[in-house]
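Colleague: Please take a close look at a single part of this model and set it against the protein as a whole. I should like every term given with its cut-offs.

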Amino acid sequence: MKHNNKEKLQSRPAIGRRYFLKSAAALAVAASMMSPLDAMASSDVIKIGYVSPQSGPFSPFAEADEFIIDQVRGLLADGLTISGKHYDVEILVRDDQSSPDRASNQAADLINAEEVDLMLSQVSIGPNVPQQCELNGVPSISTMGPWEAWMFPMGGKPDVGFQSAFHFFWGVADIAEVYTGLWNSIPTNKKVGMVWSNDVPGMALGDADHGMPAVFKTADFELHEVGKFPLGADDFTAHIQAFKKDGVEIVTGLFSPSEWASFVAQSAQMGFKPKVMTPAKALLFPSGVAALGKSADRMSTEIWWSPAYPFSSSLTGQSAAELAANYQAETGRSWTQPIGVVHALFEVGIQALKLSGDPKDPEAVANAIRTLQLDTVIGKLDFGHGPAKNVSSMRVAGGQWRLEGGKPEIYVTDNKTAPEIAIERPFEAL
């Protein structure tokens, strides 16, 4: 991305309370030596940190980042006026390279060296960035991962929450209900083959007691599972053999696009032909779907956001359809679901700064997020009435990919969890 490589990135440990206390006197002396001009320049600039996987295997989640950040920078070119005071705004972008360790280091750099006032991040690889923010008292808003895979790895409790870290996304039960809604719309033997990745999101979604399997069982589906697979796996022979033997007609799980491509290719080679294939994550991006060729037709997945969503941006006033069209016109690429979600992340962040009264006061910003309600391009977000403290849920619908003239297009086929989003086509078996 053209804005995030100008400064050398440093890897520093987060500042703990003990270190902070030891350093307080030295910081006070240093502050007293600053000129009034320096002090004014520092206090009149709001710094927003943003960390996402702009390279590495999770880079498709950040494909639209440059477009969105350029758009937001343009909107904030004249700064913000909050409680009668004018502030310039800087957005400091960092690439975590799809590495949890690097995400932690980048967060530490933004907290310690840049002294950001607000941190925004994607947590598709884990909640490393918000964890650093919680430790250091920096207001944080994240997205792009089930809220359970954000809260529990950080040691959080749904009825307690956190002081500084906030999150919005769907939960495990939400997406499980979407899947069962799709599956119940056609006749099957209700035998489900599950294939979960051995990582934080895979363990959260695949947990037998608190994950998607619990919802599937409640909906009277018969579950079949061989075991979790390591990230980057390209051999699913054992899973396919077991599913074929057991007469499985529905396949689900959590895959990257490349892992899913391997599963699909091996299923075809071994003559495994289920009626429904609904993997999480693998079919979010048009590029990954196109790589599957004709076999992708009628595969299904969750929809986080699409041009069909009847919502508009609080920043630009654009409808979901207009935002997607704008992206396609400027980049020449197909729209992707993360466009709406990342755009909404900046909508929420900027609104929190405005509502805080003092964007330089971490506690004021955190308190503004805690009760924030906002209509965004992905729908209404409400942090005061979510499924857990510090969490806002978001709309998620069921969708199915169809090949239109060789080009993959996704359509809303189930809206039981979000009835305000219109169904575009009926769901069909493979």
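Modeller: The protein exposes about 17800 Å², an area obtained by the Shrake-Rupley method with a 1.4 Å probe, where only the protein chains shown count as cover for residues. Carbon and sulfur atoms supply 51% of that surface. The model is a predicted one, in which local features need pLDDT of at least 70 and side-chain atom pairs count only at pLDDT 80 or more, while totals for chains, interfaces and linings use all residues. Residues are numbered from 1 along each chain as its sequence is written, and side-chain values use heavy atoms, with hydrogens and water left out.

Of the 430 residues, 53% are buried; buried means under 20% relative accessible area, exposed over 50%, and partly exposed in between, with a 1.4 Å probe and protein chains only. The fold holds 15 helices and 16 strands, which are DSSP runs numbered from the N terminus (helices H or I, at least four residues; strands E, at least two). Its radius of gyration is 22 Å, close to the 22 Å from the globule rule for 430 residues, so the protein is as compact as a globular protein of that length. That radius is taken over C-alpha atoms, and the rule is 2.2 Å times the number of residues to the power 0.38. Along the principal axes, the C-alpha trace spans about 75 × 45 × 40 Å. Among contacts (heavy atoms within 4.5 Å) with a separation of 6 or more, 69% join residues 24 or more positions apart.

The part I have chosen is helix α13, residues 320-331. Its 12 residues should span 16 Å at 1.5 Å a residue, and the 17 Å between its end C-alpha atoms agrees with this; the expected span is 1.5 Å times one less than the number of residues. Ala320, Leu323, Ala324, Asn326 and Tyr327 are buried in α13. Viewed down the axis of α13, these buried residues fall within an arc of 160°, so they line one face of the helix; the arc is that of the directions from the helix axis to the C-beta atoms. An α-helix has 3.6 residues a turn, so residues three or four places apart point the same way. The buried residues of α13 pack against α3 (65-75) and α14 (338-356). Glycine 332 follows α13 and has a positive phi, near 75°.

One of these partners, α14, leads on to the interior. The largest nonpolar core has 116 residues, and Phe168, Trp260, Phe263 and Trp305 have the most contacts inside it; such a core is a set of buried Ala, Val, Leu, Ile, Met, Phe, Trp, Tyr and Cys residues joined through side-chain atoms within 4.5 Å. With 10 residues, α14 gives the most to this core. A second, separate core of 8 residues includes Trp150, Met151, Phe162 and Ala165. Beyond four places in sequence, the residues that phenylalanine 263 touches include Val195, Phe236, His239 and Met277.

Helix α7 (residues 172-183) offers a point of reference. It also has 12 residues and reaches 17 Å from its first C-alpha to its last, close to the expected 16 Å. In α7, 9 of the 12 residues are buried, so this helix is largely enclosed by the rest of the structure; among them are Val172, Ile175, Tyr179 and Trp183.
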